[in-house]
Amino acid sequence: MITRAARRRAFNGVFVVLCSIATVIALSALVMILWTLLSKGVGGIDGMIFTHDQPAPGSPGGLRNAIVGSLIMCGVGMGIALVIGILAGTWLAEYGAGTKYGHVVRFFNDVLISAPSILIGLFVYELLVAPFHGFSGWAGGVALAFLATPIVVRTTEDILTLQPSALREAGMALGASRAFVIRRIIWKAARTGLLTAGLLGFARISGETAPLLFTSLGNQFYNHSLSQPMASLPTTIFQFALSAYDDWQRLAWVGALLIAVAVLFINIVGRVLARETHRP
Amino acid sequence: MATTELASPRGAPPGHATGEIVFRFACASAATLLLVALAGVVISLFVGGLPAFRTFGIGFLTSTTWNPVTEVYGAAGPIAGTLITAFLSLLIALPLALGVSVFLVEFCPVKLSRPIAIAVELLAGIPSIVYGMWGLFVLAPWFAAHVQLPIVMSVTPGSWLDRFFAGTPNGANIFTASLILAVMILPYMAAVFRELFLTVPPQVREAAYGLGCTPFEVIKAVVIPYVRRGMIGVIMLGLGRALGETMAVTFIIGNAHGFPHSLFDSGSTIASTVANEFAEATTEMHTSALIALGFLLFVITFVVLAIARLLLREAKH
């Protein structure tokens, strides 16, 4: 019996050690990536990053056109995604809960959340680029909207389902219509949650590269017309990182750092807000 | 469910009922739009890829020739690259993700467990292009100098080992691409595994401890059986992500169209091929072949993700 107990304890010891090693390996890989990002990116940040456009190789410059392009297209994408996502999420939580159609929509929305983003790019190319014979900021924005919407839908539904049904009953008892209750009471009670939904969607699309490669294409000049090809941080990073020029590669690291910091920041804000809503 | 008679009593403003109908219709159409979007993806990819499917038939799937100059397209190379990198990365990431999540749920001091869990979740949100750049500038050169070169130098030419490890020692190959993919899906899988393990009721776990089980036995005999379906779901989600990941792979796989002949051979995936060539494709057949590739990728990931979601939904009930 003693040997058996000892063997069990030994097995367990090995298991604990293996799990700890796995954690150490995983964390150190991730720390290494962040460290590389910081050490290569921070040095390149200067005043010109935000005030100058991308340079020709060998001359000084910044990333202004890419940053502005990214902001504009993410704005367009989020505008579309918030309207459709919140409405669809509301339908799932309030009207479609428990119906067969509701299950179908929820299932395909979940599939859409993890669908490869490059396929969304191909789809939007067929939808908006090929018929109109030109890459454009609009196409990029719409592609991003397709990526953000499923996330907004999912989060909205989760948040609205959490709202106490007493709220709905109280509103209806006062004679308000269902639509009125949802818009003026439920949405209001869930407004931080809805903001979180938007932030999570925004964090997801702000680093997306693949769907922009053949929708907005990229643009080496400053441009805020959505009907023209538009630069974006991820596509510029992609182009610069694969180039043979040191200064372009340095700018690519700065861009990567900016995106990573922005995404981390948005995610943290969303997380803090979400925690506050869950607190009774 | 409240009935509409209750919701619009007598005396309510006349606009009320119309407002209700309009709002409800708007919500329902937004939900329907999601299905339309998904259908649109399938149809547009299929229609766009049709010329390539028609011209090359089954050879599109089996041929390894991908030549934009002679306009002959066979996708066996990218398809194989996609499947090999995805499964290899899963093979690397799965044990690590399981280890991390078990460590966080069972062994880690509570004070440390929350910060690590949050850090892991935040890392899962880092854009893939960042991972790709790290792969290109840090992992590939290091791997070439410290792993690939010594291995290539030490194996006898012509042996089976040589065939297994053959390739240009520049660090851009199937294996490093899988490594980067693994690093990328690892935080994601670890975070979802942890959530899944936390759904096991504490009573069940405590009962097992009460019987004298060691933590290893609790995990093996109680926790894992309890969430088995969900675990397969998470694995499929990770696989789905690895299959469709574009940027992290494009940087480092070497972008060769042929069928990869060894672990250290450069190759390509469906996503990397599309990302590299689509904007530059000038002929209709080239464009169509790339869209046809996209359609194949859609079918593969759709099946994987659908299975994942079905299993995860059952796990939740």
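# A tour of chains A and B

Show both chains: 72 residues of chain B are in contact with 69 residues of chain A. Contact here means C-beta atoms, placed from the backbone, within 7 Å. On the chain B side, select helix α2 (residues 15-56), which supplies the largest share of the residues touching chain A, 20 of them. Colour that whole side by class: 54 residues are nonpolar, 14 polar and 4 charged. Ala, Val, Leu, Ile, Met, Phe, Trp, Tyr, Cys and Pro count as nonpolar, Asp, Glu, Lys and Arg as charged, and the others, Gly among them, as polar.

This is a predicted model: local features need pLDDT of at least 70, side-chain atom pairs count only at pLDDT 80 or more, and totals for chains, interfaces and linings use all residues. Residues are numbered from 1 along each chain as its sequence is written, while chains are lettered from A and ligands numbered from 1 in the order in which they are written.

**Chain A: helices**

Select residues 64-95 of chain A, helix α3. Helices (H or I, at least four residues) and strands (E, at least two) are DSSP runs, numbered from the N terminus. At 1.5 Å a residue, the 32 residues of α3(A) should span 46 Å, and the end C-alpha atoms are 45 Å apart, which agrees. The expected span is 1.5 Å times one less than the number of residues. Now check burial: 25 of the 32 residues of α3(A) are buried. A residue is buried if 20 or more other C-beta atoms lie within 10 Å of its own, exposed if 12 or fewer, and partly exposed in between, with C-beta atoms placed from the backbone.

Add helix α6 of chain A, residues 137-162. Its axis and that of α3(A) come within 5 Å and cross at roughly 35°. Axes are lines fitted to C-alpha atoms, for helices over the stretch in contact, and angles run from 0 to 180 degrees between N-to-C directions. The crossing of α3(A) and α6(A) is right-handed. A crossing is left-handed if the near helix is turned anticlockwise from the far one by less than a right angle, and right-handed if clockwise. The residues of this contact comprise 20 nonpolar, 11 polar and 2 charged.

Move to α9(A). Its 15 residues reach 21 Å from first C-alpha to last, close to the 21 Å expected. Of these 15 residues, 12 are buried. Among the buried ones are Gly193(A), Leu199(A), Phe202(A) and Arg204(A).

**Chain A: two loop residues**

Pick Gly44(A), in the loop between α1 (2-41) and α2 (48-51). Gly44(A) is partly exposed, with 19 other C-beta atoms within 10 Å. Which residues does Gly44(A) touch, not counting those up to four places away in sequence? They are Arg250(A), Leu251(A), Trp253(A) and Val254(A). Gly44(A) and Arg250(A) are 206 residues apart in sequence, yet 6.5 Å apart in space, C-alpha to C-alpha.

Next, Leu217(A), in the loop between α9 (191-205) and α10 (233-241). Its phi is near 65°, a positive value in a residue other than glycine. Most residues other than glycine have a negative phi. Leu217(A) is buried, with 21 other C-beta atoms within 10 Å.

**Chain B: helices around α8**

Switch to chain B and select α8, residues 174-198, with α5, residues 110-123. Their axes come within 8 Å and cross at roughly 135°. α5(B) and α8(B) are therefore oblique to each other. Angles under 35 degrees count as roughly parallel, over 145 as roughly antiparallel, 65 to 115 as roughly perpendicular and the rest as oblique. This crossing of α5(B) and α8(B) is left-handed. Show Ala117(B), Val120(B), Glu121(B) and Leu123(B) against Pro187(B), Ala190(B), Ala191(B) and Arg194(B): they make the contact.

Now swap α5(B) for α6(B), residues 128-154. The axes of α6(B) and α8(B) come within 10 Å and cross at roughly 135°. That makes this pair oblique too. Left-handed or right-handed, the crossing of α6(B) and α8(B)? It is right-handed. In α6(B), residues including Tyr131(B), Leu139(B) and Phe143(B) take part, meeting Thr176(B), Leu179(B), Ile180(B), Val183(B) and Met184(B) in α8(B). This contact has 8 nonpolar, 4 polar and no charged residues.

**Chain B: last stops**

Pick Glu71(B), in the loop between β1 (66-67) and β2 (72-73). Its phi is positive, near 60°. Glu71(B) is exposed, with 12 other C-beta atoms within 10 Å.

Finish at Ile232(B), in helix α11 (residues 228-244). With 15 C-beta neighbours inside 10 Å, Ile232(B) is partly exposed. Measure to Ile307(B): the residues are 75 apart along the chain, and their C-alpha atoms are separated by 9.0 Å.

How values were computed: Two residues are in contact if their C-beta atoms, placed from the backbone, lie within 7 Å.
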